[in-house]
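Good morning, and thank you for the opportunity to speak. I would like to take you through one part of a structure, strand by strand. Please keep the display in view as I speak.

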Amino acid sequence: MKLLVRRLTPSDREHLKKILNSSISVTPAGLATVAKVHRFLKEKTYISDRCVPRFRALTPPERERVLSELLWRLTCYLDGSETLTMGASSYDLGGGFAANCVEHHGEHIFCLVEAKDLSQ
């Protein structure tokens with residue numbers, strides 16, 4: 001398991017930056033949410049080693065879609081949004097991938113896994 005940001009291509013990183021910048025709200029709460037999502041993405045979002053080859057095999061638009069859905073789920077998780085599925089610990093991201101919210105070294109993290117491998 002490695003940090004997701006270390007496994008992304010430059011175009012994937014640019015896509016995430018574009019999404020985060022476009023979602024910035026002029027309100028203090030909006031800015032705080034974007035900062036939390038960005039920090040969580042960089043420090044507490046991982047990708048399963050078994051998942052890396054399949055993720056890299058996706059076309060750039062397919063990876064962008066998975067990453068966009070991941071950011072949405074992270075945002076819902078971190079701000080306690082009404083769209084957060086109560087009690088859920090795995091979120092389908094499409095494209096055969098899921099994000100698992102698990103405890104790791106006493107902290108909650110997200111880990112990108114293949115959708116069929118929800119135990120990782």
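**How the strands pair**

Let me begin with strand β3, residues 90-94, and strand β4, residues 97-104, which pair in the antiparallel sense over four bridges. I should say at once that this is a predicted model. To find this pairing on the display, look for S90, whose bridge partner in β4 is N100.

What lies between the two strands of this hairpin? There are two residues between β3 and β4, and in this hairpin G95 takes a positive phi near 65°.

We now follow the chain onward. β4 also pairs with strand β5, residues 107-114, again in the antiparallel sense, and here over eight bridges. Two pairs of residues may help you to trace this pairing. E103 stands opposite H108 in β5, and H104 has E107 of β5 as its bridge partner. The hairpin of β4 and β5 has two residues between the strands, and H105 takes a positive phi near 55° there.

Which strand pairs with β5 in the parallel sense? That is strand β2, residues 45-47, and the two are joined over three bridges. Within this pairing, Y46 has C111 of β5 as its bridge partner. β5 therefore pairs with β4 in the antiparallel sense and with β2 in the parallel sense, if we take "pair" to require at least two bridges.

Finally, is β5 mostly covered or mostly uncovered? β5 is mostly covered, with six of its eight residues buried. As general background, side chains in a regular strand alternate between the two faces of the sheet.

Thank you for your attention.

Technical notes. Residues are numbered from 1 along each chain as its sequence is written. This is a predicted model: local features need pLDDT of at least 70, side-chain atom pairs count only at pLDDT 80 or more; totals for chains, interfaces and linings use all residues. Side-chain values use heavy atoms; hydrogens and water are left out. Buried means under 20% relative accessible area, exposed over 50%, partly exposed in between (1.4 Å probe, protein chains only).
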